[in-house]
Amino acid sequence: TIPATDTPVPSVTPTPSLDIVTLPLQIESEDGWTLIVESIEQLPSIDTDTKRYRPENGIFAVLTGTLGNFTDENECLTGDRVALVDSSGNQYDMNADLLDALKSKYDRDYPGFFLGQCLDYDATDETFLVFDVPERSSLALKLNDTSVHIGQMEAYQPVVSLETPTALPE
């Protein structure tokens with residue numbers, strides 16, 4: 001027989017489950033606009049030729065996707081109609097300087113604050129949005145008066161496609 005020992009048994013503390021971000025994510029506002037978020041990039045800073053922007057709230061979240069105008073008129077969506085909202089109700093609006101700073105990196109149009117992103121009716125176009133948000137927060141995307149739950153930023157991991165390697169010729 002094996003003698004009993006007084007070795008302490010480590011206690012297991014359950015880890016809270018993360019609210020996983022699942023993409024693509026689509027939101028449709030009641031007035032006919034749609035936004036399909038295809039990817040989220042988290043940036044610790046945004047560097048331009050003349051300035052480095054640092055987030056005040058924790059991290060820059062850049063959402064890329066497709067914007068659609070399914071109203072009955074040619075219209076423009078302005079940046080003040082899109083926001084991220086955390087579970088406590090704090091709203092994080094876009095910043096025009098950050099949008100301008102990232103325009104060349106993403107090579108897409110965006111809903112600016114003067115004219116906005118203009119689309120003919122029944123048209124879609126690539127877009128990007130940038131927000132300064134807390135790194136550890138559960139967020140919802142707000143488009144006009146409609147919102148859809150995204151999930152927790154710290155839980156988001158981009159999906160990596162693993163292709164089967166091609167055999168080298170002998």
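**Exercise 1. Describe the largest nonpolar core and find which strand supplies its largest share.**

Solution. The largest nonpolar core (buried Ala, Val, Leu, Ile, Met, Phe, Trp, Tyr and Cys residues joined through side-chain atoms within 4.5 Å, where buried means under 20% relative accessible area with a 1.4 Å probe, protein chains only) has 38 residues, and those with the most contacts inside it are Ile-46, Leu-63, Val-133, Leu-141 and Ile-150. Among the elements that each supply at least two residues of this core are helix 1 (96-106), strand 10 (123-133) and strand 11 (138-143), helices being DSSP runs of H or I with at least four residues and strands runs of E with at least two, numbered from the N terminus. Strand 5 gives the largest share, six residues.

The model is predicted; local features need pLDDT of at least 70, side-chain atom pairs count only at pLDDT 80 or more, and totals for chains, interfaces and linings use all residues. Residues are numbered from 1 along each chain as its sequence is written, and side-chain values use heavy atoms, with hydrogens and water left out.

**Exercise 2. Decide whether Thr-127 is buried or exposed, and trace its surroundings.**

Solution. Begin with the location: Thr-127 lies in strand 10. Next, take its accessibility: because the relative value is 1%, Thr-127 counts as buried. Then follow the side chain, which reaches the backbone oxygen of Asp-109 at 3.4 Å. Finally, list contacts (heavy atoms within 4.5 Å): leaving out residues up to four places away in sequence, Thr-127 touches several residues, including Leu-35, Leu-63, Arg-108, Asp-109 and Gln-117.

Terms used
Buried < 20%, exposed > 50% of the residue type's maximum accessible area, 1.4 Å probe, protein only. Polar contact = N/O pair within 3.5 Å; in protein donor to acceptor, adjacent residues only side chain to side chain.
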